[in-house]
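Here are my notes on the model, set out as numbered points. Please read them with the coordinates open beside the text.

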Amino acid sequence: MDETSPLRSPLQPPPDTYFSTAAVLPPASAPGFGVRCAAPSPAPTPGSGVRVLGPASSSVAAPAPAPPPSASSVSPPGSPGSVRERQPLLGPRSLNDFPEEPEFAEVMRRAEQAQEMGIHPQRISQGSSGSYFIPDPAGKFIGVFKPKNEEPYGHLNPKWTKWLQKLCCPCCFGRDCLVLNQGYLSEAGASLVDQKLGLNIVPRTKVVYLASETFNYSAIDRVKSRGKKLALEKVPKVGQRFHRIGLPPKVGSFQLFVEGYKDADYWLRRFEAEPLPEKTNRQLQLQFERLVVLDYIIRNTDRGNDNWLIKYDCPMDSGGSKENDWVVVKEPVIKIAAIDNGLAFPLKHPDSWRAYPFYWAWLPQAKIPFSQEIKDLVLPKISDPNFVKDLEEDLYELFKKDPGFDRGQFYKQISVMRGQILNLTQALKDGKSPLLLIHIPPVIVETTRSHHRSNDLYTQSFQSRKPFFTWW
Ligand SMILES: Nc1ncnc2c1ncn2[C@@H]1O[C@H](COP(=O)(O)OP(=O)(O)OP(=O)(O)O)[C@@H](O)[C@H]1O
Ligand SMILES: [Mg+2]
């Protein structure tokens, strides 16, 4: 990693009003973070906390303090910033080529084929953004597409209720802890984290480019597209010179459609009335823990019980002939799908007027200590600093594609994620339950990178400013 790495802080340490005292964090306690530092001393001011500095030598301090740039005011080197944000997002179809994942590439090919055949996506009526079910040539849904410019802050968001809310009550609109208008990256980032940790609960999600008449376009785009089509028909010689004839492709997240799943809410109510067999209940618990791990690491701010799905198959096969009256009862299969991950990877822990709780924390499953299975799956990875750094770099490669990418913001997002990983690692080691995990004070872990990964400096800070409304 070089000097300009996004994971090297482009910011100076924050002003003293936010962080107070300093202490030393040995390298072993940095991310992948073997050791947790001591509990914070009482915070002197709201929003203040304890700062812990690396490396092993206490004489080495972090870089000289200076106020951090506000997210919008300064774009560190390497940040295209807001100038590119409003530029047209035209991507050639070839961008939907995923040689490393042929199955996903094949789904995209079928989606494009359907589009060419005039089988159009269907807008999802619920939610705050323009989201679409994407069909294959047979009309069967194969994906969910969420275009960047139809997100709540996107200039083409088709949901007028959201537009009205933004207009009439801007202070209540959006979440100040999140990067605006990058929900599609959060969706793809959640899938990346899921895949790297081997959780397998997020339907594969990637950034793709799609165009369709059903999507919300500006009148200008529609007129231009019609004009070009007309030109091609009337004066083919001129028309053939156009780079593109149809509507401009939109960049957004494309998540594979999962079949046979229902809102978690639905099944959880059913399971209350008709308890699951013990073995199946255990399966559900193991899946649930994976959801907790994902949500906690990405600090999902939108995990209501309508934003994860459960599939419950209880197949009863008549395996033999009717004469023998043989009935083979297969093991019921239960599986979770974590969808709608667009409001994660915050810049800071929620500290304004809403707490954005994890709604699963109210479920009885959250009171059960983490299993050995989840510890075996996750701990070796998240306690390995190299794994954590690889994860950060993969997220950087993904997030930097956004035209509004800002290194300073990304650095903050990663600092929150490192803090979450630190807390989760300790909670798993201590045999805590998900409910106890979310009671651990949130931390952020900043880093100052050196040329050698092993010499990185880590700064751990506690955020003690609490949301105004909280249930805990
Ligand atoms: N990958 C998927 N497979 C199957 N169904 C899905 C998938 N993703 C979403 N759905 C269905 O679509 C509904 C809406 O999806 P989702 O919650 O992701 O969008 P949204 O609420 O419109 O998004 P947002 O809250 O970001 O505006 C879900 O409740 C679910 O029924
Ligand atoms: Mg939703």
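1. Contact here means heavy atoms within 4.5 Å, and the structure under review is a predicted model. In that sense of contact, the buried residues of helix α9 pack against α4 (183–197), α8 (278–298), α10 (385–399) and α11 (407–429).

2. Which residues of α9 (residues 372–382) are buried? They are Ile 374, Lys 375, Val 378, Leu 379 and Ile 382. Because they cover an arc of only 105° around the axis, these residues lie on the same side of α9.

3. The magnesium ion (ligand 2) has as its protein donors Asn 307, through OD1, and Asp 340, through OD, which lie 2.1 to 2.4 Å from the ion. The pair links distant parts of the chain, 33 residues apart, with Asn 307 in the loop between α8 and β9 (308–313) and Asp 340 in the loop between β12 (333–338) and α9.

4. The two donor residues should be described separately as regards accessibility. Asn 307 counts as buried because its relative accessibility is 7%, under the 20% cut-off, whereas Asp 340, with a relative accessible area of 22%, is partly exposed.

5. Strand β7 (residues 250–256) is mostly covered, with six of its seven residues buried. Strand β5 (residues 141–147) pairs with β7 in the antiparallel sense over five bridges, and within this pairing Pro 147 has Gly 252 of β7 as its bridge partner.

6. Strand β6 (residues 205–210) also runs antiparallel to β7, and six bridges join the two. Here Tyr 209 stands opposite Val 251 in β7.

Technical notes:
Residues numbered from 1 in each chain as written. Chains lettered and ligands numbered in written order. Predicted model: local features only at pLDDT ≥ 70, side-chain atom pairs only at ≥ 80, totals over all residues. Heavy atoms only, no water. Buried < 20%, exposed > 50% of the residue type's maximum accessible area, 1.4 Å probe, protein only. Helix = DSSP H or I, 4+ residues; strand = E, 2+ residues; numbered from the N terminus. Arc of directions from axis to C-beta. Donors = N, O, S within 2.8 Å, 3.2 Å for Na, K, Ca; no water. Pairing = 2+ DSSP bridges.
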